[in-house]
Amino acid sequence: MSVSVECRDLAITFGTGPTAAKVLPGVTFSVQPGECFGLVGESGSGKSTVLRCVSMLTDIWTGDILIGGKPVRDMPLIKRCRMLQMVFQDPYGSLHPRQSVRTVLNEPLVIHKLGDREERMRKAITDVGLPISFLDRFPHQLSGGQRQRVAIARALILEPSLLLLDEPTSALDVSVQAEILNLLQRLREERGFTYIMVTHDLAVVDHMCDRFAVMLHGEITEVLPREAIPGNRATHPYARELIGASLEYEGAH
Amino acid sequence: MEKTILEVENLRIRYGGAPTDAVRGVSFTLGRERLGIVGESGSGKSTVGRALLRLLPGATITADRLRFAELDLPSLSEKEMLKVRGRRMSMILQDPKFSLNPIRRVGDQVAETYLRHFRCSKAEARDKALAMLEAVKIRDSKRVYDQYPHEISGGMGQRVMIAMMLLADPDLVIADEPTSALDVTVRLQVLNILDGLVRDRGIGLIMISHDLNLVRNFCDRVLIMYAGRIVETLAAADLDKAKHPYTRGLLAAQPRIGGGRAPLAVLDRRPEWLEEIA
């Protein structure tokens, strides 16, 4: 089932009165069901913070976030976890070093009181293209790409509708990145996931996303379709600079 | 221009307790140029860089020849090495989060390079450090000077580290993934700074990276490493004409702006790549 995401005037402010610091001054965007929406921008521009707000890992925000038309703030934790899951940037840091893959995948099933655990774990690990024997491995017995697959399996096991991808491939080699991007692409086609993907690599955006938002200092400067990248059809100066730099960096034009 | 700074012949490195060599018979020479070393994680590219600075305690390093300018690196004592490291040969590391001292102000860490290698007052070192921070495009360098590593972004941390390593004006800079933590807009600026220094001062640069675009744009020559060996050496401009299937596989796996949305090519690793030598 695909869900839409609607984010209106999302803001985070620290402190009150004249010294109040606005971290996110007000972010508004909407994601269609089944769309892959990219968030790009320089470090510190608030891309990951938006994901953390959507997932309620950060809950001090104001504004509205609606997932499938329902406010995420009112969603009970259990329901929210089945609705959305997050894949983090660094597969070396996001898996518990002393838990086997089986433990990692089993825990959400226990918490959510789901049956057929063995069956579900096997399916999740097969879905991400790993052999079933890997269930008994520990993170140190896996390569970076395999770890990221496990992290994706962990996100898939609760059958969410929305996946929040926080730079899922930036810690990986290009050869491994290709495998993970292909995997994410395939899963989206098969299951109709909605993705919100944070990345700094416009080539990845061009490959994966339908539309993307360019962020700067916590604000969305412009939302662009992927077709705007090759000819740099952005209008905002920062978005132009970003796309221009990426094109120059690729040396393609 | 073509003066050789570094000569490496048949370099082999084995980590303590490891059953096999991590680097197996690597040879190359470096003039006043920008040399890229590319490969995946685990290919031994960083190990080569660290071995040159002798930063691998416990590892066994052997080579038929390992010369840096007029120095024979293996025969130097640790005390002599201290005068080389940071002064004549320095290394820009991968991750500023782990490479900067978390409990010292970043500016003091930059100035330390200067204080350590030159006779000067603290105020002088501070001025040098501030100028260098500005050279790496840190706005408001006076404020950043007094900040701690956790107060600055990863991108800024990397620029601080580049400032630190270039402050002593070395002959050879080894940059180990210097810009993987930086945004693409900043990345180009930083690479242009590095580039400027290499050209103006005749510094030799070894750029260790997994990023083919980076070495294509900012290096003169590229070595491609796989499993501890050099499988191919190319002029950076000829990267697209690479012959080795590994290099071609890496190029094909990369998504490109304006490319099709077909699944990306996945590397098909051949066992024979492990043994052949370019």
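B:R221 and B:E33 form a salt bridge, with their closest N and O atoms 2.9 Å apart. B:R221 sits in strand β10 (residues 221-226) of chain B and B:E33 in the loop between β2 and β3 (34-38) of chain B, so this pair ties together parts that are 188 residues apart in sequence. Please keep in mind that this is a predicted model. Over all chains, the structure holds 31 salt bridges, and a few of them are picked out below, together with the interface and some helices.

**Salt bridges within a chain**

- The two partners of the pair above differ in exposure class: B:R221 counts as partly exposed at 23% relative accessibility, while B:E33 is buried, with a relative accessible area of 15%. The cut-off that matters here is 20%, because a residue counts as buried when its relative accessible area is under that value.
- Another bridge in chain B joins the side chains of B:D21 and B:R12, at 3.2 Å from N to O.
- B:D21 counts as buried, with 18% relative accessibility, whereas B:R12 counts as partly exposed, at 30%.
- In chain A, a network of salt bridges links A:R102, A:E118, A:R122 and A:D136.

**The interface of chain A and chain B**

- How many residues does each chain bring to the contact? Chain A gives 35 residues and chain B gives 32 residues.
- About 3000 Å² is buried between chain A and chain B, and carbon and sulfur atoms give 54% of this area.
- Three residues are worth finding in your viewer: A:V174, A:Y249 and A:E250 supply 27% of the area that chain A buries against chain B, more than any other three residues.
- Ten residue pairs are in polar contact across the interface of chain A and chain B, counting pairs with both residues at pLDDT 80 or more.
- On the side of chain A that touches chain B, the elements giving two or more residues are α6 (174-191), α7 (202-208) and α8 (237-250) of chain A.
- Of these, α8(A) gives the most to that side, with nine residues.
- Sorted by class, the side of chain A that touches chain B has 17 nonpolar, nine polar and nine charged residues.

**The salt bridge between the chains**

- The count of salt bridges between chain A and chain B is one.
- This bridge is formed by A:D210 and B:R261, whose closest N and O atoms are 3.6 Å apart.
- The pair crosses from B:R261, in the segment after α10 (245-253) of chain B, to A:D210, in the loop between α7 and β9 (211-216) of chain A.
- B:R261 is partly exposed, with a relative accessible area of 27%, and A:D210 counts as partly exposed at 27% relative accessibility.

**Helix α4 of chain A**

- Which residues of helix α4 (residues 117-127) of chain A are buried? They are A:M121, A:A124, A:I125 and A:D127.
- These buried residues cover an arc of only 160° around the axis, so they lie on the same side of α4(A).
- As general background, an α-helix has 3.6 residues a turn, so residues three or four places apart point the same way.
- The cover over the buried residues of α4(A) includes α3 (101-111), α5 (144-156) and α6 of chain A.
- Just after α4(A) comes A:G129, which takes a positive phi of about 80°.

**Helices α1 and α4 of chain B**

- Helix α1 (residues 45-52) of chain B is mostly covered, with seven of its eight residues buried.
- The buried residues of α1(B) are B:K45, B:S46, B:T47, B:V48, B:G49, B:A51 and B:L52.
- After α1(B) comes B:R54, with a positive phi near 50°.
- B:V110 is found in helix α4 (residues 106-117) of chain B, and counts as buried at 0% relative accessibility.
- Leaving aside neighbours within four places in sequence, B:V110 is in contact with B:A129, B:L133, B:V160, B:A163, B:M164 and B:L167.

**An exposed glycine in chain B**

- Is B:G16 buried or exposed? B:G16 is exposed, with a relative accessible area of 57%.
- The place of B:G16 is in the loop between β1 (6-14) and β2 (23-30) of chain B.
- Not counting residues up to four places away in sequence, B:G16 touches B:G58 and B:A59.

How values were computed. Residues numbered from 1 in each chain as written. Chains lettered and ligands numbered in written order. Predicted model: local features only at pLDDT ≥ 70, side-chain atom pairs only at ≥ 80, totals over all residues. Heavy atoms only, no water. Contact = heavy atoms within 4.5 Å. Buried area = accessible area lost by both parts, 1.4 Å probe. Salt bridge = Lys/Arg side-chain N within 4 Å of Asp/Glu carboxyl O. Polar contact = N/O pair within 3.5 Å; in protein donor to acceptor, adjacent residues only side chain to side chain. Helix = DSSP H or I, 4+ residues; strand = E, 2+ residues; numbered from the N terminus. Nonpolar A, V, L, I, M, F, W, Y, C, P; charged D, E, K, R; others polar. Buried < 20%, exposed > 50% of the residue type's maximum accessible area, 1.4 Å probe, protein only. Arc of directions from axis to C-beta.
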